[in-house]
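Trainee: I would like to learn how structural terms are earned. Could we take one model and test each word against its definition?

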Amino acid sequence: MLLAAGAPLALLLGVVAPHLWFVGLIWVPLVLTLIGLDALFAAPPPDIRLHCPGAIEIGAPLVVEIAVERGVRSPGTIELAIATGPRLAPLADDRVHIRSDEQTALIAFTAIRRGSDGLRELWSRWTGPLGLIWRQRVEPLDRGVVITPDIRPVRDAATMLLRDAQIGEMMRVDRGEGSEFDALAEWRSGMERRSIDWNHSARHLKLVARENRIERNNQIVFAIDAGRAMCEPVAGLPRIDRAITAALLAAYSALKLGDRVGLFGFDSKPRIASGTVSGTRAFPLMQRLAGELDYSTAETNFTLALATLAGDLTRRSLIVVFTEFTDQAGAELMIRAAASLMKRHLVLFVILEDVELEAIAAAEPRAIDDVSRAVAAAAMLRERRIVVSRLRHLGIHVLEAAHDAVGPALVRQYLDFKRRNLL
C-alpha cells in the first residue's frame with residue numbers, strides 16, 4: 001500500500017514540475033530501504049512459556065496460559081496462536097494479542113473427543129518499529145493432553161452423598177421395602193399395614209412394625225453401545241460420551257451403596273468387559289475402562305453383544321443398556337435380544353432425547369424443503385415411540401431423558417429399583 005501510494009504523488013509531481021520527474025523514481029528504493037531497516041531493527045523473538053494441564057475431561061475447557069518474558073528489546077504487541085489436534089476445538093478466537101504492558105494471556109479450547117491429543121505448535125508474530133514488516137516464529141510444542149470421560153457430575157454427586165450421609169439420608173435410602181429384616185419399631189400412622197408384626201404386637205400389647213433393609217451386594221451391569229448411531233453428536237458431544245458420563249455417575253452411586261458394578265462395551269462385537277467390582281476404590285478402574293471405549297463406525301450387533309453378556313452373568317443382575325436406534329430392522333433385532341434377557345435379569349434401556357429432531361418436526365415451515373424435513377423428522381420420531389412402546393410392553397423399563405439430565409435420572413431410577421426390591 002505504501003508503494004502504491006507513491007504512484008499518484010509521482011504523477012502529480014511530473015505534471016506540476018516536469019523537470020523533477022526523476023524524484024518519483026526515488027520513492028520505490030526509499031520504501032524498500034525503510035522495509036529493510038524495519039526488518040533489521042525488529043525485536044528478537046521473546047521468551048514464551050506455556051502452562052496447561054496434562055489431562056482434561058471431555059466437554060471441559062482446556063485453558064492454556066501463555067507467559068511472555070520481556071527484555072530490553074521486547075516487541076510491542078505480540079499476536080499468538082496455538083495449533084492443536086482434531087480433538088481440541090477453540091472456544092472463541094483461536095488467537096490472542098499481548099500488548100506491551102501485558103505479560104500473560106489465556107487461550108481456551110474445548111475437548112470434543114476422548115483420546116490423546118495435544119498442543120502441536122505455537123505461532124507468534126509481531127511488527128517492526130515502523131510497522132512495515134511482520135516477524136513470525138513457529139515453535140514446536142509437543143505437549144500431550146489426555147482427554148478422559150467426564151466425571152464432574154460424579155464429583156458433585158460424591159459431595160451430595162457425603163452431605164446427605166451427615167443428616168441421615170443414607171440410612172433412609174438404605175431402609176425401604178426390601179426383604180432383609182433390620183429392626184422392630186412402634187407402628188405409626190402412615191406406615192404400611194402389611195409391615196405390622198402381629199406376633200410381636202400381641203406380645204408387647206401394642207402395634208409393632210417390621211423395618212426391612214434394602215439388600216446390598218446387588219449386581220448392576222452398564223452395557224454401552226459404541227456403534228455408529230451412538231457416535232452422533234448431541235449438543236456438541238457424541239452420544240456415547242453422554243452415556244459414559246451417566247454410567248459413571250450411576251456406577252459411583254451403586255458402589256457407594258454397597259452394590260457390585262460391571263462395565264460392558266460393544267458395537268459389531270463386544271469390546272470391553274470389566275467383570276463386576278465392588279467398593280468405591282474400584283471406581284478409577286471403571287473410569288479407565290470407560291475411557292478405552294473407542295468411537296466406531298460399525299453397525300451395532302445386539303444379538304451377539306447381549307448374548308455374550310448374558311453368558312457371562314452367573315446371577316440375576318440389573319442390565320442398563322445405553323443405545324440409540326435409527327431404523328426398524330436394527331430395532332427389531334434389539335428387541336428380540338433384549339427379550340431373551342428378561343427371563344432372568346432386570347433390563348433398563350436408557351436413550352437420549354433427540355432435541356434436534358423434535359425441533360425440526362415442530363418448526364414452522366417456510367419453504368417446501370422445510371415441509372419435507374418436518375415430515376421426515378415426524379416419521380422418525382413416530383418410529384422411535386413405537387420401539388419404546390414395544391420395549392415397555394415386554395416389561396423392559398425405558399428411561400428417556402435429556403442429555404444434561406440423564407445421569408441424575410438414572411440414579412433416581414436405580415434407587416427406585418432398590419426401594420421396590422426389584423434387583
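Mentor: We will go through sheets, helices, cavities and a pocket, in that order. This is a predicted model, where local features need pLDDT of at least 70, side-chain atom pairs count only at pLDDT 80 or more, and totals for chains, interfaces and linings use all residues. Residues are numbered from 1 along each chain as its sequence is written, and side-chain values use heavy atoms, with hydrogens and water left out.

Trainee: How do you know that β13 and β16 pair, and in which sense?

Mentor: Two strands pair if DSSP finds at least two bridges between them. Strands are DSSP runs of E, at least two residues long, and helices are runs of H or I, at least four; both are numbered from the N terminus. β13 (residues 219–225) and β16 (residues 260–266) share seven bridges, in the parallel sense. The rule is met, so the two strands count as paired. One bridge joins Ala-223 to Phe-264 in β16.

Trainee: What is the strand order of the six-stranded open sheet?

Mentor: The order is β17-β16-β13-β18-β19-β20, and the pairing is mixed.

Trainee: Why are β17 and β20 called edge strands?

Mentor: β17 (270–277) and β20 (397–401) each have a single partner strand, so one side of each has no neighbour in the sheet. The twist averages 15° from one strand to the next. Angles here run from 0 to 180 degrees between N-to-C directions, with axes fitted to C-alpha atoms, for helices over the stretch in contact.

Trainee: Which strands form the four-stranded open sheet, and with what pairing?

Mentor: The order is β1-β3-β7-β5, with antiparallel pairing. β1 (47–51) and β5 (88–90) are at the edges, each with a single partner strand. Neighbouring strands of this sheet are turned by 35° on average, direction ignored. β1 and β3 (residues 61–69) pair over five bridges. His-51 has Glu-65 in β3 as its bridge partner.

Trainee: What makes β8 and β9 a pair, and what lies between them?

Mentor: β8 (residues 115–127) and β9 (residues 134–148) are joined by 12 antiparallel bridges. Set that against the rule of two bridges, and they therefore pair. Ser-124 stands opposite Arg-137 in β9. The two strands form a hairpin with six residues between them, and Gly-131 in the turn has a positive phi of about 75°.

Trainee: Which strands does α6 lie across?

Mentor: Helix α6 (residues 239–256) lies across β13, β16, β17, β18 (318–322) and β19 (346–352), at about 175° to β13. Helix α8 (residues 302–312) lies across β13, β16, β17 and β18, at about 155° to β16.

Trainee: How do you know that α6 meets α12, and what hand has their crossing?

Mentor: Contact means heavy atoms within 4.5 Å. Among the residues of α6 that meet α12 are Ala-246, Leu-249 and Ala-250. Their partners in α12 include Val-406, Leu-410 and Tyr-414. The axes come within 8 Å and cross at roughly 35°. The crossing is right-handed, the word used if the near helix is turned clockwise from the far one by less than a right angle, left-handed being anticlockwise.

Trainee: Why is one space called a cavity and another a pocket?

Mentor: On a 1 Å grid over the protein atoms alone, a cavity is a set of points where a 1.4 Å probe fits but cannot get out, while a pocket is an open set with protein on both sides within 12 Å along at least five of seven lines; lining residues have an atom within 4 Å of a point. Grid points are joined across faces, edges and corners, and volume is the space filled by probe spheres set on the points. The whole structure has three cavities of 30 Å³ or more. The largest holds about 70 Å³, and β19 gives three residues, the largest share of its lining. The second largest pocket holds about 410 Å³.

Trainee: How many residues of each class line the second largest cavity?

Mentor: Eight are nonpolar, none polar and none charged. Nonpolar means Ala, Val, Leu, Ile, Met, Phe, Trp, Tyr, Cys and Pro; charged means Asp, Glu, Lys and Arg; the others, Gly among them, are polar. The lining includes Ile-220, Phe-222 and Tyr-414, and each is on the nonpolar list.
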